Every structure is written in C-alpha cells, then in structure tokens.
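Good morning, colleagues. I would ask you to look at the structure on the screen while I take you through a few of its contacts, strands and charged pairs.

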Amino acid sequence: TLSLHDALPIYVFKIFKAAAFEENVKYRHNAEVVLSELIKNEPNAEAIRIWPHHFDTGSFIPVENDAKGNLSKSIGLGLAIADTMVAEPYFYLSFWSANAGEKPVVLPDLPIGKWMMPAWNGAVLPLSELLPFKTTEEQIKAVLQYLETGMKQIKKMYLTNNLANFTASAMIIINQRSNLT
C-alpha cells in the first residue's frame, strides 16, 4: 500500500452543472497544450500529470543535483484549481531548493501575473487575467510567454547562485502579458 504524506479523502463526484464541468475540461486541455509546448525543450522534465496532493495539472523539472547526485533545485509549473491563495484556477511556476535556509532575492516584475513573495515564494496568473486576450491562441501565447519569462528568471537566479537563503518551495501562478524576444 502506498502511503502519501497527506491522505486524500474518498469523494463521490457529482456534476451539478455540466457547463462548469466542460469548462474545467477545457482548462485542463489548454494547460496540457501550453505545458507540452514548454517542456518539449526541457529534456529532464517529468511527464505532465494531475498531481494528487493539490489536484493541479503540471510538470516538474529537475534543475540541479548536489555533489552526491541528489536533487537540489527544481522548477514546477502547471495549472492549479482555486485554493486559499487564489480564489479561481490559475497557472503557476514553482521553484524549490534542498537548502531550506535559502530565500530568493527579489525577482524582476513579470509582464503579467505577479510574484507572491515574500508571503509565498512564487507568482500567480489567475485565469480571469487572460480574458482580455480574445482568442485561445492569444491566451496560450500569453501563458507561454509568462512561463518562459518566469523560468528564465528562476534559472538565472539558480545559475548566479543569486539566492539569499531560499525556502523549500515557490509557486509562480500565472497571469502575465509578456513580450519575450
């Protein structure tokens, strides 16, 4: 029997509003499209999946191992359901360091979305912030640009060891309008 760090209760899912269910299916599909595009250039990225601990659709990218070969830095990214931090579904990026004493430095502003640090190590992009983008293609482009911008900032921070003692986890939840070059 597999033992998880936090047990999930057994639920019987009832669909009260078919339209809401269909909308959630579209969110998950679009997340899969965006994440697939992004991680195809990340050879160590984990497969996209629904993670049981937060019910988010996401991937995990190992970035660095320590001298013993153990994972020491990583990036997580995906689409999360509404929770106590954000009252609606949102895209996120997260970063983690095995050194529990490390804290991230202040990162540059994102084109859309916002960093949630220091209260939470990351940034969020609520889906409602994508509404100004009228087509699915425009929304996907905006989310991709946000994720790419955030990942570049995190990797630069890692490469320059620009950490002032960073804590275990940071979620970057996505809402950004980006002009990447």
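Once neighbours within four places in sequence are left aside, Tyr27 is in contact with Leu79, Pro89 and Leu127. Please bear in mind that what we are viewing is a predicted model. Tyr27 belongs to helix α1, which covers residues 18-39. How far apart are Tyr27 and Leu127 in sequence and in space? They are separated by 100 residues along the sequence, while their C-alpha atoms lie 8.9 Å apart. Tyr27 itself is partly exposed, because its relative accessible area of 26% falls between the limits of 20% for buried and 50% for exposed.

I turn now to the strands. Strand β3, residues 71-80, runs antiparallel to β4, and 8 bridges join the two. Within this pairing, Gly78 stands opposite Tyr92 of β4. Is strand β4 mostly covered or mostly open? Strand β4, residues 90-97, is mostly covered, with 7 of its 8 residues buried. As a general remark, the side chains of a regular strand alternate between the two faces of the sheet.

Tyr92 brings us to Asp56, since Tyr92 is one of the residues that Asp56 touches. Asp56 is located in strand β2, residues 56-65. Not counting residues up to four places away in sequence, Asp56 also touches Arg28, Arg49, Ile50, Trp51, Leu79 and Ala80. Which side chain of opposite charge is nearest to Asp56? That side chain is Arg28, 6.7 Å away. Asp56 is buried yet has no salt bridge; the cut-off for such a bridge is 4 Å between a side-chain nitrogen of Lys or Arg and a carboxyl oxygen of Asp or Glu.

Ile50, among the contacts of Asp56, deserves a word of its own. Ile50 lies in strand β1, residues 49-51. Together with Phe55 and Ile81, Ile50 forms a nonpolar patch on the surface, and the accessible area of the three together is about 250 Å². Ile50 is partly exposed, because its relative accessible area is 46%, and residues in such a patch must have over 30%.

Finally, the charged pairs. In general, side chains of opposite charge can pair when their charged atoms come close. How many salt bridges does the model contain? The count comes to 4, and I shall describe three of them.

Lys155 forms a salt bridge with Glu42, with the closest N and O atoms 2.5 Å apart. This pair links distant parts of the chain: Lys155 sits in helix α2, residues 136-159, whereas Glu42 is in the loop between α1 and β1, and 113 residues separate them. Lys155 is partly exposed at a relative accessible area of 27%, whereas Glu42 counts as buried at 16%.

Glu37 pairs with Lys40 in another salt bridge, where the closest N and O atoms are 3.1 Å apart. Glu37 counts as partly exposed at 38% relative accessibility, and Lys40 as exposed at 54%.

The side chains of Glu46 and Arg49 also meet in a salt bridge, at 3.2 Å from N to O. Glu46 is partly exposed, with a relative accessible area of 31%, and Arg49 is likewise partly exposed, at 33%. Arg49 is also among the residues touched by Asp56, the buried residue without a salt bridge that I discussed earlier.

Terms used: Residues are numbered from 1 along each chain as its sequence is written. This is a predicted model: local features need pLDDT of at least 70, side-chain atom pairs count only at pLDDT 80 or more; totals for chains, interfaces and linings use all residues. Side-chain values use heavy atoms; hydrogens and water are left out. Patches are made of residues with over 30% relative accessible area and no salt bridge: like charges are joined within 9 Å, nonpolar side chains (Val, Leu, Ile, Met, Phe, Trp, Tyr) within 5 Å. Accessible areas come from the Shrake-Rupley method with a 1.4 Å probe; for residues, only the protein chains shown count as cover. Helices (H or I, at least four residues) and strands (E, at least two) are DSSP runs, numbered from the N terminus. Buried means under 20% relative accessible area, exposed over 50%, partly exposed in between (1.4 Å probe, protein chains only). Two strands pair if DSSP finds at least two bridges between them. Contact means heavy atoms within 4.5 Å. Lys and Arg count as positive and Asp and Glu as negative; His and the chain ends are not counted.
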